[in-house]
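Below is a short report on one protein chain, written for a reader who has the sequence and the model at hand. It goes through the strands, the helices, the domains and the nonpolar cores.

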Amino acid sequence: MKRSTIIGLSFTAALCAGQARAEDLTGTLKNIKETGAITLGFRDSSIPFSYLDDSQKPIGYAMDICYKIVDAVKKELKLDKLEVKLNPVTSSTRIPLLANGTIDLECGSTTNNTERQKQIAYTNTHFLTASRYVTKKASKINSIDDLKGKTVVSTAGTTNIKQLTEANAARNLSINIIPAKDHAEAFLMVETDRAVAFVMDDILLASLAAGSKAPDDYVISKDAFSKPEPYGIMLRKDDPAFKKVVDAATAALYTGGEGQKIYDKWFTQKIPPKGLNLNVPIGSELKNEFAKPSDSPDPDSYK
């Protein structure tokens with residue numbers, strides 16, 4: 001056989017092998033490879049996880065983590081360029097938009113729990129929080145039981161409004177529960193005295209109070225509606241190839257030390273657009289989680 005023929009056959013075989021590898025891709029990775037784009041879902045007011053700056057650009061702790069995942073996907077697929085599309089989501093729309101393929105990753109402040117894992121998947125935990133309430137100091141609300149007969153707001157589509165509803169029934173509190181479309185609207189209701197309290201993840205309440213016109217007017221409850229709960233970046237369920245890449249990217253980020261640097265950037269330093277400093281150093285539970293990354297939804301595993 002002529003040398004030129006051998007070379008030609010070798011090139012053809014290599015080309016076919018490359019095509020086969022591309023064709024072997026499934027799910028999200030296949031779609032990203034074919035379109036050259038990945039879509040991130042972002043929140044507009046989940047400070048400091050995912051929110052809009054003065055130029056209406058999505059920024060935050062979860063956004064930074066998602067961009068690290070994007071870098072890993074680009075490397076995995078051997079792409080020279082990977083377009084990042086940004087799509088706004090709310091507490092109510094984030095899971096449907098992920099499930100129907102509108103977004104590929106949800107970069108926000110979403111609690112990882114067993115019920116949600118029936119619909120979608122999570123990557124490794126990047127934050128731990130508990131469900132509490134914020135109220136004005138002048139209201140003199142000192143416990144969950146003090147909310148009896150009062151108007152309380154929480155954001156629609158969240159685990160928090162579910163926990164509030166369950167506590168209301170279990171304790172026979174007769175609370176008037178109002179669902180708000182987003183966190184900003186909910187906090188505004190407390191600010192304008194249309195609700196006595198806002199039930200939400202404690203870190204989000206801290207950021208909203210810190211960014212308000214009169215931060216010293218507010219207090220966050222010691223009473224909690226939940227045990228410590230994990231936050232994770234959401235992705236589609238039953239897509240093991242994509243989850244493997246995402247999990248590897250976040251595990252490397254957290255165990256390598258860069259994860260804490262990103263954490264410190266958003267929780268212990270001044271952040272845009274107002275230069276707020278939340279002054280929330282990383283806790284021992286999250287440090288332990290970073291050392292041994294997990295996507296577990298079990299609150300008891302984070303003690």
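In this predicted model, five of the six residues of strand β9 (residues 131–136) are buried, so the strand is largely enclosed by the rest of the structure. Two other strands pair with β9. Strand β12 (residues 197–201) is joined to β9 by five bridges, and the two run antiparallel. Within this pairing, Arg-132 has Met-200 of β12 as its bridge partner. Strand β13 (residues 218–220) also pairs with β9 in the antiparallel sense, over three bridges. Here Lys-136 stands opposite Tyr-218 of β13.

A parallel pairing is found between strand β10 (residues 151–155) and strand β11 (residues 176–180), which are joined by five bridges. Together with helix α5 (residues 159–170), β10 and β11 make a right-handed β-α-β unit. Pro-179 is a residue of β11, and Ser-154 stands opposite this proline. Pro-179 also shows how the chain brings distant parts of the sequence together: Pro-179 and Val-153 are 26 residues apart in sequence, but their C-alpha atoms are 5.9 Å apart in space. Leaving aside residues up to four places away in sequence, Pro-179 touches Ser-154, Ala-156 and Ile-161.

An open sheet of three strands has the order β2-β3-β4, with antiparallel pairing. Its edge strands are β2 (45–46) and β4 (58–59), each of which pairs on one side only. Two bridges link β2 to strand β3 (residues 50–52) in the antiparallel sense, and Ser-45 has Tyr-51 in β3 as its bridge partner.

The table sets out the strand pairs described above.

| Strand pair | Direction | Bridges |
|---|---|---|
| β9 and β12 | antiparallel | five |
| β9 and β13 | antiparallel | three |
| β10 and β11 | parallel | five |
| β2 and β3 | antiparallel | two |

In total, the chain has 10 helices and 15 strands. Two of the helices can be checked against the span expected for their length. Helix α3 (residues 61–76) has 16 residues, which at 1.5 Å a residue should span 22 Å; its end C-alpha atoms are 23 Å apart, which agrees. Helix α8 (residues 240–255) also has 16 residues and an expected span of 22 Å, and its end C-alpha atoms are 22 Å apart, so the two values agree.

Both helices contain buried residues. In α3 these are Tyr-61, Ala-62, Met-63, Asp-64, Ile-65, Cys-66, Ile-69, Val-70 and Val-73. In α8 they are Phe-242, Lys-243, Val-245, Val-246, Asp-247, Ala-249, Thr-250, Leu-253 and Tyr-254. An α-helix has 3.6 residues a turn, so residues three or four places apart point the same way. A residue with positive phi follows each helix: Lys-78, just after α3, has a phi of about 55 degrees, and Gly-257, after α8, has a phi near 100 degrees.

The domain assignment divides the chain into domain 1 (28–129 + 229–291) and domain 2 (131–220). Their C-alpha centres lie 26 Å apart, and the contact between them takes 22 residues from domain 1 and 17 residues from domain 2.

Which residues touch the most other members of the largest nonpolar core? This core has 61 residues, and the ones in question are Phe-49, Tyr-61, Val-73, Leu-105, Phe-198 and Phe-267. Helix α3 supplies the largest share of the core, eight residues. Both domain 1 and domain 2 give residues to the core, so it lies between them. A second, separate core has 13 residues, including Ile-144, Val-152, Ala-167 and Phe-225. In soluble globular proteins, nonpolar side chains tend to be buried together.

Tyr-61 can be looked at more closely. Residues up to four places away in sequence aside, Tyr-61 touches Pro-48, Phe-49, His-126, Gly-259, Ile-262, Tyr-263, Trp-266, Phe-267 and Phe-290.

Some values describe the chain as a whole. Along its principal axes, the C-alpha trace spans about 90 × 40 × 35 Å. Of the 303 residues, 48% count as buried. Among contacts between residues at least 6 apart in sequence, 75% join residues at least 24 apart.

How values were computed
Residues are numbered from 1 along each chain as its sequence is written. This is a predicted model: local features need pLDDT of at least 70, side-chain atom pairs count only at pLDDT 80 or more; totals for chains, interfaces and linings use all residues. Side-chain values use heavy atoms; hydrogens and water are left out. A nonpolar core is a set of buried Ala, Val, Leu, Ile, Met, Phe, Trp, Tyr and Cys residues joined through side-chain atoms within 4.5 Å. Buried means under 20% relative accessible area, exposed over 50%, partly exposed in between (1.4 Å probe, protein chains only). Helices (H or I, at least four residues) and strands (E, at least two) are DSSP runs, numbered from the N terminus. Domain bounds come from an automatic or database domain assignment. Contact means heavy atoms within 4.5 Å. Two strands pair if DSSP finds at least two bridges between them. A crossover is right-handed if, with the strands pointing away from the viewer, the path from the first strand over the helix to the second runs clockwise. The expected span of a helix is 1.5 Å times one less than its number of residues.
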